[in-house]
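This report describes the architecture of one protein chain. It takes up sheets, cores and a helix in turn.

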Amino acid sequence: MGNPDRPDDAKRDWAVTVEDGIAKSNEPVSSAVADPAAATRRHEPHEPPRETLPEKLYEARKSIHNKRIDGPFRRFKWFVMLVTLGIYYVTPWLRWDRGPYAPDQAVLVDLANRRFYMFGIEIWPHEFYFVAGLLIMAGIGLFVITSAVGRAWCGYACPQTVWTDLFQHIDRFVDGDRNARIRLENAPWTWGKVFRRGFKWSIYLAIGFVTGGAWILYFADAPTLFRDFFALEAAPVAYITVAVLTLTTVTLGGFMREQVCIYMCPWPRIQTAMMDEKSLLVTYKDWRGEPRGSVKKAAKNPGQFGDCIDCTQCVQVCPTGIDIREGPQIGCITCALCIDACDKVMKDIGRPRGLIDYATLEDCEREAAGEAPKPAWRALLRPRTMVYFTIWAGIGVALLFALGVRTHTEMTVAPDRNPPFMLMSDGSIRNSFTLKIRNMESRPRDMEIALEGLEGGVMWTDAIGRDEAAATQTVTVAADQVRTIRAYVMAPRDAKTQDFAFTVTSLDEQRESDRVETRFDAPETP
């Protein structure tokens with residue numbers, strides 16, 4: 001930037017002016033605001049020039065005291081909250097009979113034995129692609145929901161939303177509805193206020209403790225861990241985990257609440273890239289509501305005011321404290337409680353519902369022009385949403401197919417490389433291999449190991465002597481275990497280096513088998 005006081009006009013920056021000896025600029029650079037004594041009065045191109053500079057860069061949080069409301073969306077929110085919390089707290093206690101050799105907990109992440117049980121499904125570490133597939137489906141599922149109905153996940157099923165909603169109901173139970181809570185917050189600290197706050201925060205801690213306690217039950221047998229925990233016999237990591245989750249639950253759900261959604265969570269920023277004018281979202285129909293005026297003003301001046309009577313009920317019921325009438329914004333989690341509040345007001349004053357409603361931007365423009373809006377379901381059946389859904393369903397079908405065709409008998413083979421072979425006293429050639437046979441059934445099974453493609457070859461193991469060497473051997477593998485076997489394979493003296501295979505077959509009604517190709521090493525013939 002040139003110096004405005006320089007006499008050389010050729011070098012002067014004409015975007016800068018001098019007022020009282022201070023260089024000032026009105027260039028639209030940022031949203032910073034300057035006071036008259038500052039060097040700039042910067043502003044966005046669509047904003048008028050700013051005149052004052054805020055004393056603080058960050059505004060202090062204002063407590064959100066949302067009002068109780070009843071309506072279809074509020075009842076649906078109740079339903080989702082009860083279902084999700086019920087699943088979270090009850091699932092570890094569900095039982096599932098897998099026989100005497102496997103745990104009977106329906107959902108269990110068995111870190112000690114590296115297993116994941118989910119009802120009739122058992123996932124082993126080498127099958128982590130099932131877990132990865134489920135995570136990918138969860139991500140694409142969010143894309144489907146966002147493309148179709150905006151931030152409905154955030155408004156109803158997000159854990160932060162569910163626990164925040166729970167804590168807000170505790171607020172109402174202890175302190176009363178919105179006005180009572182505001183009065184209590186502004187009131188001076190008395191013994192009555194201390195008691196109320198202590199009682200409420202005690203409930204917060206109890207909810208946080210139960211939340212953390214339920215989480216650890218997914219990683220061990222729930223009844224056993226529950227008893228050991230209160231008998232102070234559980235592992236230290238259990239107490240540390242419960243303490244951390246109690247603290248985070250109370251902090252995020254009890255105190256930070258909407259700040260997590262607005263400032264901490266990256267998902268609202270990501271969703272903006274997946275929403276367009278065809279996505280359903282909670283919308284204030286300003287062409288119908290503006291200009292705002294009370295019922296009395298509208299009665300005295302027919303046709304001069306819109307349907308919005310500026311009652312602010314939509315703001316009072318919002319869990320994040322935004323004003324939906326200001327348009328789409330990052331603080332809106334699409335919970336639609338403002339729709340319930342507005343519809344109730346419209347019904348009371350005898351005006352049609354839908355001043356705030358689920359609608360696409362395209363339908364809003366169409367309705368503003370006097371045309372009939374399209375049915376909401378048509379917003380769901382559009383190419384973008386269907387592509388997301390097809391990808392999501394395709395991954396699900398692939399996982400189900402892989403789950404259906406997988407066997408419960410597997411084997412890996414690792415040949416010794418040092419030395420690659422040994423010459424026996426009778427001239428025969430011996431190779432050594434390490435076999436790992438996996439029995440993924442919750443019962444012991446006999447397995448038959450056989451050589452395939454090695455003429456004249458026999459084998460024995462550490463548990464089966466050389467005098468019992470044969471082309472096939474039978475071993476027993478315990479339930480849900482991997483048995484490591486040291487196998488010695490011997491071929492005649494004239495054998496050459498060649499490929500062959502180990503096969504393993506379960507000796508039960510299932511007759512599952514696996515085949516692994518490897519190589520038999522022999523001396524090079526001169």
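## The four-stranded sheet

Strands S15 and S16 run antiparallel and are joined by eight bridges. Within this predicted model, Gln 498 lies opposite Phe 520 of S16. The two strands belong to an open sheet of four strands, ordered S13-S11-S15-S16, in which the pairing is antiparallel.

The edges of the sheet are occupied by S13 and S16; each has a single partner strand, so one side of each lacks a neighbour in the sheet. On average, and with direction ignored, neighbouring strands here are turned by 25° against each other.

## Nonpolar cores

The largest nonpolar core comprises 24 residues. Those with the most contacts inside this core are Leu 435, Ile 437, Ile 449, Val 489, Phe 502 and Phe 520. At least two core residues come from each of the strands S8 (409-415), S10 (429-439), S11 (445-452), S13 (472-477), S14 (481-491), S15 (498-506) and S16 (513-520). A second core, separate from this one, has 23 residues, including Ile 309, Cys 314, Val 345 and Leu 355.

Ile 449 illustrates the surroundings of one residue in the largest core. Neighbours within four places in sequence set aside, Ile 449 is in contact with Leu 435, Ile 437, Met 459, Ala 471, Thr 472, Gln 473, Val 475, Ile 485, Phe 502 and Thr 503.

## The three-stranded sheet

Another open sheet consists of three strands in the order S3-S4-S5, again with antiparallel pairing. Strand S3 (107-110) and strand S5 (121-123) are its edge strands, each pairing on one side only. Neighbouring strands of this sheet are turned by 10° against each other on average, direction ignored.

Strand S4 (residues 115-118) is connected to S5 by three bridges, and the two run antiparallel. Met 118 has Ile 121 of S5 as its bridge partner.

## Helix H2 and its cover

Helix H2 spans residues 128-149. With 22 residues, H2 reaches 32 Å from its first C-alpha to its last, close to the 32 Å expected at 1.5 Å a residue. Just after H2, Gly 150 adopts a positive phi of about 65°.

The buried residues of H2 are Phe 130, Gly 133, Met 137, Ile 140, Gly 141, Leu 142, Val 144, Thr 146, Ser 147 and Ala 148. Their cover includes S5, helix H3 (152-157), helix H10 (267-271), helix H16 (376-380) and helix H17 (383-405). Strand S5 thus appears both as an edge of the three-stranded sheet and as part of the cover of H2.

## Thr 146

Is Thr 146 of H2 buried or exposed? Its relative accessible area is 1%, under the 20% limit, and therefore Thr 146 counts as buried. With neighbours within four places in sequence left aside, Thr 146 is in contact with Trp 267, Gln 271, Met 274, Met 275 and Ser 279. Trp 267 and Gln 271 fall within the residue range of H10 (267-271), one of the elements that cover H2.

## The protein as a whole

The protein contains 17 helices and 16 strands. Of its 526 residues, 42% count as buried. The accessible surface amounts to about 29,200 Å², and 61% of this belongs to carbon and sulfur atoms.

Among contacts with a separation of 6 or more, residues 24 or more positions apart account for 64%.

Terms used. Residues numbered from 1 in each chain as written. Predicted model: local features only at pLDDT ≥ 70, side-chain atom pairs only at ≥ 80, totals over all residues. Heavy atoms only, no water. Core = buried A, V, L, I, M, F, W, Y, C linked by side-chain atoms within 4.5 Å. Buried < 20%, exposed > 50% of the residue type's maximum accessible area, 1.4 Å probe, protein only. Contact = heavy atoms within 4.5 Å. Pairing = 2+ DSSP bridges. Axes fitted to C-alpha atoms, helices over the stretch in contact; angles between N-to-C directions. Areas by Shrake-Rupley, 256 points an atom, 1.4 Å probe, with all protein chains shown as cover. Expected span 1.5 Å × (residues − 1).
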